[in-house]
Amino acid sequence: MPPPVAITRVTTARPQYRIDSGRASTLIGAAVGDARRAAAIARGSRIRERALALSPDAIGKLGSIEERNAVYRRVAPLLALEVSRGALSGIKASTVGCLASSSCTGYMVPGWDVEVAQACGLPREALRIPVTQAGCSGGVVALSLAAAWARQNPGRPALAAAVELCSLAFQADPEPGNLVSTLIFGDGAGAALLEPGGDGLRVVGSRSVLLPCSREAIGFDLTDTGFYPRLSLDLADMLPEPTLAAVRALLETRGLHLPDLSYALLHPGGPRILDNLQAALGLPARALRWSQESLAAQGNTSSAAIFDVLRRYLDDPQAPRGWGVVAAFGPGVSIELLLVHRP
């Protein structure tokens, strides 16, 4: 039986520009012509600040998709390299056999995974798995793929990484879903090293569930002025019941039940999502505190967000051990889960 695969190191990074929630609501409210609604969304978001790829003024002047994507091509590879090098510190990069990468906020062919693989010194035959259309769930998808590869290749580590520049999808439109997206999404990157037999957070199992009749709830429309966010305001109410069922099914594969969970590392999609999932899973607020802290510190950074949650959990000396679940939610609507254990 192959040794368990563990997440042993997680690093994160953000672009240089910052904007606090108050200033963001003022600027965005003026841009869309609805200051009152923008202020109300910002107040309820529980977000203190977010990072941006460009200054707020420069983002407001973005035009064509070509102009926006040029920023992505310049900024995303630098962030990807920063977090990947951090995750690989202390090991020989030549031993890494797989790089699973996630990003949905820009487009490059070849992708930044090629630059990461070559600049970090990964073997030429290393498997690269770019995940491009999984949205906010892409980080968990990448972690699951990297863990599966490492499990099948004992002695070879794998790397998972994500970069998202959500600010490049800014659209000055008061449509409710777009306005919420503009006020909660931020920019960031993360990477994790997964090692067979390593000491850390063991990835024990995974599960993927696609909700029927939910295609329009989350997504992007590609327009002449870049990606246009699609976000249903009912998403927080759609997720609890199927997530609970999926978590129960995943636990049962190991003969476990909900009371066996000590913590939940959830994608910080928004305050109502976290509150509703906490209630559905029957966990105390402290069991989700790393997701709440990540949301407050950087907003929702799409597929990169789960790496920040993982880092906060692993860096917390008071964090509980035992069984936990990692979860993220993306277009489909898809629910992506990992069952994890920390000895």
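A residue counts as buried under 20% relative accessible area, as exposed over 50%, and as partly exposed in between. Keep that cut-off handy for these exercises, which work on a predicted model.

**Exercise 1. Find out how Asp-308 and Arg-311 are paired, and classify each as buried, partly exposed or exposed.**

Step 1: Start with the pairing. The side chains of Asp-308 and Arg-311 form a salt bridge, with 2.9 Å from N to O.

Step 2: Place the two residues. Both belong to helix α12, which covers residues 305-315, and they sit three residues apart, or about one turn of the helix.

Step 3: Apply the cut-off. Arg-311 has a relative accessibility of 21%, so this residue is partly exposed. Asp-308 has 2% and is therefore buried.

Step 4: Look for further partners. Arg-312 and Asp-315 join Asp-308 and Arg-311 in a network of salt bridges.

**Exercise 2. Work out which parts of the chain the pair Asp-275 and Arg-46 ties together.**

Step 1: Recall the principle. Side chains of opposite charge can pair when their charged atoms come close.

Step 2: Check the distance. Asp-275 and Arg-46 meet in a salt bridge at 2.5 Å, N to O.

Step 3: Locate the partners. Asp-275 is in helix α10 (residues 271-281), while Arg-46 is in the loop between α2 (35-44) and β3 (49-52), so the salt bridge ties together parts 229 residues apart in sequence.

Step 4: Add the accessibility. Asp-275, at 28%, is partly exposed, and Arg-46, at 40%, is partly exposed too.

Now try another pair: Asp-34 and Arg-37 form a salt bridge whose closest N and O atoms are 3.7 Å apart. Asp-34 is partly exposed at 22%, and Arg-37 is partly exposed at 37%. The count for the model comes to twelve salt bridges.

**Exercise 3. Compare the span of helix α9 with the expected value, then find where its buried residues lie.**

Step 1: Take the length. Helix α9 (residues 240-252) has 13 residues, which should span 18 Å at 1.5 Å a residue; the end C-alpha atoms are 18 Å apart, so the two values agree.

Step 2: List the buried residues of α9: Pro-240, Thr-243, Leu-244, Ala-246, Val-247, Leu-250 and Leu-251. Because these cover an arc of only 165° around the axis, they lie on the same side of α9.

Step 3: Turn to the other face. Glu-241 and Glu-252 are exposed, on the face of α9 turned away from the buried side.

Step 4: Ask what covers the buried residues of α9. The cover includes β8 (201-210), α8 (235-238), β11 (261-266), α10, β12 (322-330) and β13 (334-342).

Terms used: Residues numbered from 1 in each chain as written. Predicted model: local features only at pLDDT ≥ 70, side-chain atom pairs only at ≥ 80, totals over all residues. Heavy atoms only, no water. Salt bridge = Lys/Arg side-chain N within 4 Å of Asp/Glu carboxyl O. Buried < 20%, exposed > 50% of the residue type's maximum accessible area, 1.4 Å probe, protein only. Helix = DSSP H or I, 4+ residues; strand = E, 2+ residues; numbered from the N terminus. Expected span 1.5 Å × (residues − 1). Arc of directions from axis to C-beta. Contact = heavy atoms within 4.5 Å.
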